[in-house]
Amino acid sequence: QLTLVESGGGLVQPGGSLRLSCAAARFALDLEYYNIGWFRQAPGKEREGVSCLTGNDGTINYTKSVKGRFNISRDNAANTVFLQMNSLKPEDTADYYCAAGPRYYLCSFDAAQYTYWGQGTQVTVSS
């Protein structure tokens, strides 16, 4: 059963920007009450956490490689979480996934913390 839906991926030149969206399918989840994580997986590489947002207090984390370039935010009215990606680099090329999990604790990049996952959106950074 599809719970989360990502969109906004595509092909962009190095230095460009994309904004990814993560929405709950048919409002199956109220994302305001969940920790939200963005993960990515490049071909031949392991999945890695990119950014996460804690549902309780809004604490945000970024992996070191995207700090200062990516920004996670949430629009509660639209029940959508965004990942604004600026100054994109070829090494940002990957399939990007959003995930939602219980907000009992601070968000992390431990995939086991997340219960619901989207099917991913592809981001390609290339000239």
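## Two disulfides, one sheet and a buried aspartate

Both C22 and C98 are buried. The model is a predicted one, and these two cysteines are bonded to each other in it, with 2.1 Å between their sulfur atoms. C22 belongs to strand β3 (residues 18–24) and C98 to strand β9 (residues 94–102), so the bond ties together parts that are 76 residues apart in sequence. The torsion about this S-S bond is about 70°, so the disulfide is right-handed.

**The disulfides**

A disulfide is a covalent bond between the sulfur atoms of two cysteines. How many disulfides does a search of the whole structure find? There are two. The other one joins C52 and C107. C52 sits in strand β5 (residues 48–53), while C107 lies in the loop between β9 and β10 (116–117). This pair, too, links distant parts of the chain, 55 residues apart. Are C52 and C107 buried or exposed? Both are buried. Here the S-S torsion is about 70°, so this disulfide is right-handed.

| Disulfide | S-S distance | Sequence separation |
|---|---|---|
| C22 and C98 | 2.1 Å | 76 residues |
| C52 and C107 | 2.1 Å | 55 residues |

Number the bonded cysteines in sequence order, and the pairing reads 1-3, 2-4.

**The sheet**

Strand β3, home of C22, is also part of an open sheet of four strands. The order is β1-β3-β8-β7, and the pairing is antiparallel. Which strands form the edges? They are β1 (4–7) and β7 (70–75), each of which pairs on one side only. Neighbouring strands of the sheet are turned by 15° against each other on average, direction ignored.

Edge strand β7 pairs with β8 (residues 80–85). Six bridges hold this antiparallel pair in register. In one of the pairings, F70 has M85 of β8 as its bridge partner.

**The buried aspartate**

D92 is located in the loop between β8 and β9. Why does D92 count as buried? Its relative accessibility is 1%, and buried means under 20%. The D92 side chain makes a polar contact of 2.7 Å with the side chain of R69. Leaving out residues up to four places away in sequence, D92 touches R40, R69, F70, S87, V123 and V125. R69 therefore appears twice, as a polar partner and in the contact list of D92. F70, another residue touched by D92, is the bridge partner of M85.

Note on methods:
Residues numbered from 1 in each chain as written. Predicted model: local features only at pLDDT ≥ 70, side-chain atom pairs only at ≥ 80, totals over all residues. Heavy atoms only, no water. Pairing = 2+ DSSP bridges. Helix = DSSP H or I, 4+ residues; strand = E, 2+ residues; numbered from the N terminus. Axes fitted to C-alpha atoms, helices over the stretch in contact; angles between N-to-C directions. Disulfide = S-S within 2.5 Å. Buried < 20%, exposed > 50% of the residue type's maximum accessible area, 1.4 Å probe, protein only. Polar contact = N/O pair within 3.5 Å; in protein donor to acceptor, adjacent residues only side chain to side chain. Contact = heavy atoms within 4.5 Å.
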